[in-house]
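Q: I'd like to learn how to read the contacts between chains and the metal sites in a model like this one. Can we walk through it together?

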Amino acid sequence: MSRILTFNIFRYNPQDPGTPPRMDRFMLDETDRMTLFIALNRIREEQDPSLMFDFCCRAGICGACGMVINGRPGLACHTKTKDLPETITLMPLPAFKLVGDLSVDTGTWFREMYQKVESWVHTSKEFDPTALEERMDNGLAEEIYELERCIECGCCVAACGTALIRPDFLGAVGLNRIARFILDPRDERTDTEYFEIVGNDQGIFGCMGLLGCEDVCPKGLPLQDQLGMLRRKMAFTALKGLVGKHKHKH
Amino acid sequence: MSLSLATQARPVGRSSAWLDWLQMLTGACLILFMWSHMILVSSVIFGAGAMNALAEFFESTGMAQVGGPLIGLVFLFHFVLAARKVPFRSEQQTVMAAHARRLRHTDTWLWVVQAATAMVILIMGAIHMWVVLTDLPITAAKSAARIQGGWWMIFYLVLLPMVELHVGIGYYRIGVKWGFIRRDNRKNAKKFENILTVFFIVIGLITLIRFLTLTV
Amino acid sequence: MQTIYSDLLCIGAGLAGERVAIEAASAGFDAVCLSIVPARRSHSSAAQGGMQAALGNCAMGEGDCPDVHFADTVKGSDWGCDQEVARLFVDTAPIVMRELAAWGVPWNRVVPGESRYFKGGKEFTKVEKAEKEGLITARAFGGTAKWRTCYTSDGTGHTVLYTMDNRAAQLGVVVHDRVEAISLIHDGTRCMGAVVRCLKTGDLRVYIAKATLIASGGFGRIYRESTNAVINDGGGHVIALDTGVVPLGNMEAVQFHPTGIVPTDILVTEGCRGDGGTLLDVNENRFMPEYEPEKAELASRDVVSRWMTVHMQKGFGVKSPYGDHLWLDIRHLGIDHIRTKLREVDEICKSFLGIDPAYQLIPVRPTQHYSMGGVRTNKDGAAYGLAGLFSAGESACWDMHGFNRLGGNSLAETVVAGNIIGKKVVDYLRGCEAIFNSKVVDEAAARQAARITALRDRTNGSESAYAVREAMFDAIMKGAGIFRNEKDLSECVETLQALHERAGRVGLKSNGLGPNPEMTLALKIQGMVKLALCVAYGALKRTESRGSHTREDFPERNDRDWLNRTLATWPEGASLPELSYEPATKVFEIPPGDRGYGGGKIISA
Ligand SMILES: Cc1cc2nc3c(=O)[nH]c(=O)nc-3n(C[C@H](O)[C@H](O)[C@H](O)COP(=O)(O)OP(=O)(O)OC[C@H]3O[C@@H](n4cnc5c(N)ncnc54)[C@H](O)[C@@H]3O)c2cc1C
Ligand code: HEM
Ligand code: HEM
Ligand code: SF4
Ligand code: F3S
Ligand code: FES
């Protein structure tokens, strides 16, 4: 029953300019319940100690191991080899700067994103350590959590044609981040202020509705619905012109 | 000095939002037009009389003379707007095509089809409109004559599926982008879009065959 | 060489590191955080359960207060903790929880009215009060008298870390990710920063700072089977130990969790057993009642882990390519229960094992989970031995956990400690002159550059770093696993000493250019063996059983001789750590007594 798997893996070390980019082939016997995490580590330990790839939590919660698995961006740690054909092609995520082999620099991309969307609660209130916490409806807390579940793996960016041809596009992940703050009553930004950030072609109006993001997100975030909501909201904010100064919360 | 710079930088450009509105609205207009256009042209299925009557109605109310060029304008305007989204550098086109192939993802393919059909429509649609609008009034006889000429038949056999694909996908895309099509009804919406596209192509084909066999 | 100056250098951008940096940045100091991975991938994000704070908002937490939390924590630690620190912690936790709420954490909130909950597989009802509506709610956790664990669904660590990183970005805290500190810079009395290897290019950099904080998380990855992230291999502990003057505290106190899945060692929650799940062996026999007739699977974490190990040693384990394991059976709980109440377990089984727990058995074994030990600090978070060096979070031995930490207390510790120690760091920075000795800095950098060259050129040998690591895994699990005894520990120490030497002869197989991963491991493998030796040697010398440290040959908790904390330092050139001891706590609010669970004899002071 046990298969011999063939891995075609993209190789390039920018720090070793003598060796050009190439595809390397590795063979590995498949074991029970094998995941790409196990397979790649075995390849590194048994066959090529210089192979670069990223894992951290290896439990599908940190987002470190995004890569292109047989053409589709996904998390390597929760991909079981038994769900893949005998030949497995692994490529680094496009849209991010290559560190080496399967490893890409998502950190820099995401930090730029936080700065652009100002990914924090904007409030004029000072924290008072002696006061009770402000109350919040549990249903609303859960809705916010639903959007906050993103693990910044970058798969949605790598799966988005727009992001590939427009490096300054915020991507579904950045737009979803704004949607999360719009939902949060603690963030006092107005619709006009959100508009300043995403009411342009780098933001929501750059999105062409390709839905690659929606279809690859390993956490199943409701990206499609958030993008639709955001486009309507921002388009109407533009219509209202400068009148709509106040943020409407539910 | 620095103050004026700061205040200049302040107001946010709303142009992206306006252009997006217009892109959607011109697209929607063109969809509505294509549906009406279909009713006009396909009425020939019920005979030359039906088509002539409709054409005459448009003619006598002045809708053909004014509406025709107007549609031409919308058509051009839509092209200019939508073209912002089409990668014109061949490098980017390659990226997009390679991406769609690698991802094996229908919705990305749909966009590629939409962009590709758009280019065909731009050229063929313009020629078609020029020919029809410079030879008013519209009559079933003139149309049948053109199509029985042979070349126009081939012309329409190409243009028809291009237009219907573009319209079908455009319809779905407006739904997705503006959030009318949601995660929970996306599957059904897509099915509806496919049926719609096939339906219009079939009607169009029947129409063309009818023109071919029409004796006036 | 690139040199970066700052007021505060945090080695670690998890919850603890960023919380301290935020405190410094709020006071107007420059703070730089280093991290092996982008900050938000730090292992803090993996904590699902929640964090403890005595808010007392929910019905089952009524009457809770810091005093009750304090008692739970001290008992949990088996009286090994520093009670002054535990007191600071419990008093500050509620404030910190509210501060996090203000910064944006979407805590789950109290929903008034009647609702149901499970305990021991049975259903009960509770009624939440209307006046508490919308306040932060809490859930139950092991070893606590009240429901005290605040949470956001099954992603508490994730939301708290994301909020913390948002706050850090807002205040201009600089995070340099994909870098690894490989040595501290010090002159034997004062710490001046660190030598750091960039994991994008492989280049060395020097970070110079008035204050340096180690917040590098746990060192679980010196064990083969650990629930920790793969980056938690003790790099921060190693650089502290390498100074020769900074002691690590209580390294022998290592917590094991009974149910890590096989392979990949991902944690499945205690809730499985809490709701009535059972443990089966190779013959699908339920074995826990043989060992613990009364509590069976519901005995405490350490106890269950111990019996599972015994049973596998007797040959009742299930063989697999990944080593022996046992089965967790939750099939009888029913598909409805599994899909709703144990959703997270259901998902883990499906995505990582490809099995459906409603119909199939889950492969599990006891798995290293938490390190109570770490860089020993005083209650201000200042490390012993070097001025200007601080530590916080799991990497520190601050020491509120003693020999066993309670679930939900470590996530809370990171933020509370960050808050308290952050203020102390600010005090330190205010009174601090920048004195940097460039000779010391250059020497430290040159030493690391030389190590890298030697590994690449195989100057010292061509031993494989991976092989040494495998051997270390085998040795430590045999000697310093769940059960410990004189014979196994002595053997383990001996094997590790030989490995320590072997690790000195490591050389690379690959070319080592750029961010080469073999180089990354080779640079720290000897340090990891040293940590393993601190654990094993400390365990060998501690002739009692306390908390997670279980000696078969000394089953009693011995308050007469061992109510103390082990301190391990590593003198240059030594082959074993030097151990010394200090009293567990200077102040007793609660004198040593019975924990009320776990059984076991006590030799009183
Ligand atoms: C599976 C699991 C579940 C858990 N669940 C809970 C729970 O429900 N409740 C609870 O209270 N606790 C829980 N814990 C424990 C808790 O999550 C951790 O103790 C805590 O998050 C540690 O935080 P930290 O900030 O100290 O370290 P971490 O979050 O681990 O951060 C360490 C940081 O240091 C960096 N670093 C490490 N070494 C170096 C180096 N050499 N150079 C530069 N940077 C370095 C890393 O990149 C990282 O940024 C759980 C632990 C695990 C493993
Ligand atoms: C009868 C003619 C046409 C009809 C009915 C039509 C219809 C539509 C519709 C409904 C959309 C969706 C609009 C949106 O997403 O906002 C669309 C998009 C598009 N159209 Fe057309 N169109 C026509 C002609 C053209 C022509 C001539 C071009 C030439 C370039 C073109 C190029 C595009 C492109 C590129 C898009 C995609 C834009 C995007 O995804 O953002 N279309 N069209
Ligand atoms: C105002 C402008 C238009 C007028 C008055 C018009 C009129 C007509 C007429 C009279 C026909 C019958 C065939 C003929 O006479 O050659 C026809 C067919 C057709 N037209 Fe147009 N048209 C217009 C615009 C367009 C546009 C913009 C498109 C798409 C880009 C289009 C696509 C077609 C197609 C595909 C057919 C073949 C019909 C079929 O198979 O059903 N037309 N049109
Ligand atoms: S939205 Fe989904 S795919 Fe995108 S970064 Fe977040 S988790 Fe990854
Ligand atoms: S794939 Fe890209 S174009 Fe929009 S719908 Fe998703 S962001
Ligand atoms: S390693 Fe963390 S998500 Fe895969």
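A: Happy to, starting with polar contacts: chain A and chain B share 25 residue pairs in polar contact (both at pLDDT 80 or more). A polar contact is a pair of N or O atoms within 3.5 Å; within protein, one must be able to donate a hydrogen and the other to accept it, and residues adjacent in sequence count only if both atoms are side-chain atoms. This is a predicted model, where local features need pLDDT of at least 70 and side-chain atom pairs pLDDT 80 or more, while totals for chains, interfaces and linings use all residues. Residues are numbered from 1 along each chain as its sequence is written, chains are lettered from A and ligands numbered from 1 in the order in which they are written, and side-chain values use heavy atoms, leaving out hydrogens and water.

Q: Which element gives the most to the side of chain A that touches chain B?

A: That's α9(A), with twelve residues. Helices here are DSSP runs (H or I, at least four residues), numbered from the N terminus.

Q: And how many salt bridges are there between chain A and chain B?

A: A salt bridge puts a side-chain nitrogen of Lys or Arg within 4 Å of a carboxyl oxygen of Asp or Glu. Chain A and chain B have six, including A:D225 with B:R182 at 3.4 Å, N to O.

Q: How is the size of an interface given?

A: Often as the accessible area lost when the parts come together; here that's taken with a 1.4 Å probe and summed over both parts. Chain A and chain B bury about 3400 Å², and chain A and chain C about 5800 Å², 53% of it on carbon and sulfur atoms. On the chain A side of the latter, A:R33, A:R58 and A:E133 lose the most area, together 14% of what that side buries.

Q: What coordinates the iron atom of ligand 2?

A: Donors are N, O and S atoms within 2.8 Å of the metal (3.2 Å for Na, K and Ca); water is not among the atoms, so sites may look incomplete. For ligand 2, the protein donors are B:H78 (NE2) and B:H166 (NE2), 2.1 Å from the iron. B:H78 sits in helix α4 (residues 63-83) of chain B and B:H166 in helix α8 (residues 151-177) of chain B, so the pair ties together parts 88 residues apart in sequence.

Q: Which residues coordinate the iron atom of ligand 3?

A: B:H37 (NE2) and B:H128 (NE2), at 2.0 to 2.1 Å.

Methods:
Buried area is the accessible area (1.4 Å probe) that two parts lose on being put together, summed over both. Helices (H or I, at least four residues) and strands (E, at least two) are DSSP runs, numbered from the N terminus.
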